[in-house]
Amino acid sequence: MAAPQTSQFESTETLATFVAATPLLEESWRLCSHANADAAHHGSFAVNIVGQVAYVAFSAVQVVAAAAAEEEENLVELENSKGVFGSFVERGSSQAKVMVHAGILQLFLSFYHNHYFQQQILEISNKCKSIIFTGHSLGGAVASLSTLWLLSHNIQTPVLCITYGSPLLGNEPFSQAILQQRWSGNFCHIVLIPKIPPSLSLFDKVSDIVMNDQETKNTCMVGPYWPFGSYMLMTENGAICLDNATAIVEFLHLTMTSEGFCNNPNNSCVVEDGLKYEDYVGKICRRYLGKGKCMDSFSESSSEAGIALALASSRISSQETVYEAAKKCLANARQLGWRRNLNNAKMAVSLAKINPCRAQLEWYKSYCDESDNELGYYDSFKQRGASRRDAKVNMNRIRLGCFWDDFIYKLENNHLTHDFHKLPKYVNASQFYKLLVEPLEIAEYYRKNVHMEKGHYIEHGREKRFKIFDKWWRERKVGDEEGKPRSKYASLTQDSCFWARVEEARDGIYRVLGETDVGRRLVLLGKIETFEAYANGMIKRKEVSVDVVAKNSSYNLFVEEWRGLKLQMKMIMPPHFPGFQDGMVQ
């Protein structure tokens, strides 16, 4: 039997204390109140700059009026917004559609297409060091989409979103996509437990859930909407922070079934929602800036003491029937944090264990590049036989792919810390893996003639992991040494898809010979010429490995086939193809 985890700290109440002790809540709510009060005279949003921090608050007043006119409450695909969130939609790796509430999306787009709004965002982006979007009720939902909009376009200015009583916005794939992009920490949703926020709120979702202790995880998935980001749950006794979607839904259900919630006479009132938020935000901030809270009794376990504080802040007493279930919910949510740190350590060990497989592939590449057959790394693997050496190389290729697929799975499912993939160790390791192994993946793809059924590799066969590694490499910090010219060929071709481009170009040559339509033939020839110029540039800059220029490599075969095609067609080609002059490759 495992020993009790007395060394683990429960941080939900501590995090809420930290947030309340900063000026973020008071400043953001003050501007929300200002935007609500002045919406009729000054528009549906307000901007205020405090020091070097810009606050942008969206009013609930005019937004609610606009929402009333928008009768449609269906979910729509986010990609229907015509490129507004293009980067975010493209990054989504889930096959399920990322969808949001149609009416709220239209509300945001009305701001997005407003010239004055765009001008204000551009101005504060250039002037301020950080931007905080905030809003009450449906204004909070618009603030969330505004934050997502800037994050999707890789804005350099840090962006944070703080909402008050905001309705749920999207489905579970939407929540999962934000989690996969490591953006959950950019969203903080404030919810009052004694109050039921407007329709489509988190409480509407919770009220539809029939909880079961043995099937909590499954029953929490009911309904089209799903929480995302972090939630700060407030009561008159204090506040706690949660960032696990399942724990948020379960804990809110337990809170709503507690005696304190059921006996509250104001639970059905939504008219004075704004006044209640103002009252609670003020109380919480003043309380945490003062003496804080004390417990009547202390536990020997720091974890037990932290959970007791969190439950006291949530107004769930130890005498209530839901106390043990709420205690278990918080303990499960807490375990996720230290499990991520443990997974980080395990992943470092796994990387060290898989490195011998990479080293064996490096040896194989050197062997192929120095071989007398002058095929090179790519073509030697593509034309490999049934030797033990070749079989072991193929097995190492598969093992390395499994390791990185597992890495990405853990990252996308929040099993690792949020910035783990940004560590130089993993950015460089993933890039080296991509340059070393993707040529083998391409060779296997064309060796088995998969392109005959699915199409060419880059568009139809490339694994998701390589696309993710491309993104990591683009977003890294570039050193000054990377811009220096090379004096010799690279150890690995710097375009991991180079051989796929060679295969496409060779296939294009065969298609030109059989193409009777002049227009399509010209398109094919144009693509081949574009690749020729690209390849010549890489060779000139020495960004390719020696296997590219090997005598019997697929690239040299392309050069010969391309020269032969030019000789056959030089008399009938139009003058805008300079590569056909005198039938020679220029």
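Angles under 35 degrees between helix axes count as roughly parallel. That cut-off bears on one helix pair in this structure, which is a predicted model.

**Packing of α22 and α24**

Helix α22 spans residues 498–514 and helix α24 spans residues 554–569; their axes approach within 10 Å and cross at roughly 25°. The two helices are therefore roughly parallel to each other. The crossing in which α22 passes α24 is left-handed. On the α22 side, the contact is made by F498, W499, V502, E503, A505, R506, I509, Y510, V512 and L513. On the α24 side, the contributing residues are S554, Y555, L557, F558, E561, W562, L565, Q568 and M569. By class, the residues of this contact comprise 14 nonpolar, two polar and three charged.

**Salt bridges**

Side chains of opposite charge can pair when their charged atoms come close. In this model the count comes to 23 salt bridges. Three of these pairs are listed below with the separation of their N and O atoms.

| Pair | N to O distance | Location |
|---|---|---|
| R465 and D405 | 2.8 Å | R465 in α21 (residues 464–474), D405 in α17 (residues 388–412) |
| E438 and R462 | 2.7 Å | E438 in α18 (residues 424–447), R462 in the loop between α20 (457–460) and α21 |
| R563 and E560 | 3.1 Å | R563 and E560 in α24 |

The salt bridge of R465 with D405 links distant parts of the chain, the two residues being 60 residues apart. R465 is buried, with a relative accessible area of 6%, whereas D405 is partly exposed at 37% relative accessibility. Both residues also belong to a network of salt bridges that links R397, D405, E441 and R465.

E438 and R462 form a salt bridge that likewise joins distant parts of the chain, with their positions 24 residues apart in the numbering. Both E438 and R462 are buried.

The salt bridge of R563 with E560 lies within helix α24, where the two residues are separated by about one helical turn because they are three residues apart. R563 is partly exposed, and its relative accessible area is 25%.

**Overview of α24**

Helix α24 thus appears in both parts of this report. Residues of α24, including F558, W562 and L565, take part in the contact with α22, while R563 and E560 of the same helix are a salt-bridged pair.

Definitions and conventions: Residues are numbered from 1 along each chain as its sequence is written. This is a predicted model: local features need pLDDT of at least 70, side-chain atom pairs count only at pLDDT 80 or more; totals for chains, interfaces and linings use all residues. Side-chain values use heavy atoms; hydrogens and water are left out. Axes are lines fitted to C-alpha atoms, for helices over the stretch in contact, and angles run from 0 to 180 degrees between N-to-C directions. Helices (H or I, at least four residues) and strands (E, at least two) are DSSP runs, numbered from the N terminus. Angles under 35 degrees count as roughly parallel, over 145 as roughly antiparallel, 65 to 115 as roughly perpendicular and the rest as oblique. A crossing is left-handed if the near helix is turned anticlockwise from the far one by less than a right angle, and right-handed if clockwise. Contact means heavy atoms within 4.5 Å. Ala, Val, Leu, Ile, Met, Phe, Trp, Tyr, Cys and Pro count as nonpolar, Asp, Glu, Lys and Arg as charged, and the others, Gly among them, as polar. A salt bridge is a side-chain nitrogen of Lys or Arg within 4 Å of a carboxyl oxygen of Asp or Glu. Buried means under 20% relative accessible area, exposed over 50%, partly exposed in between (1.4 Å probe, protein chains only).
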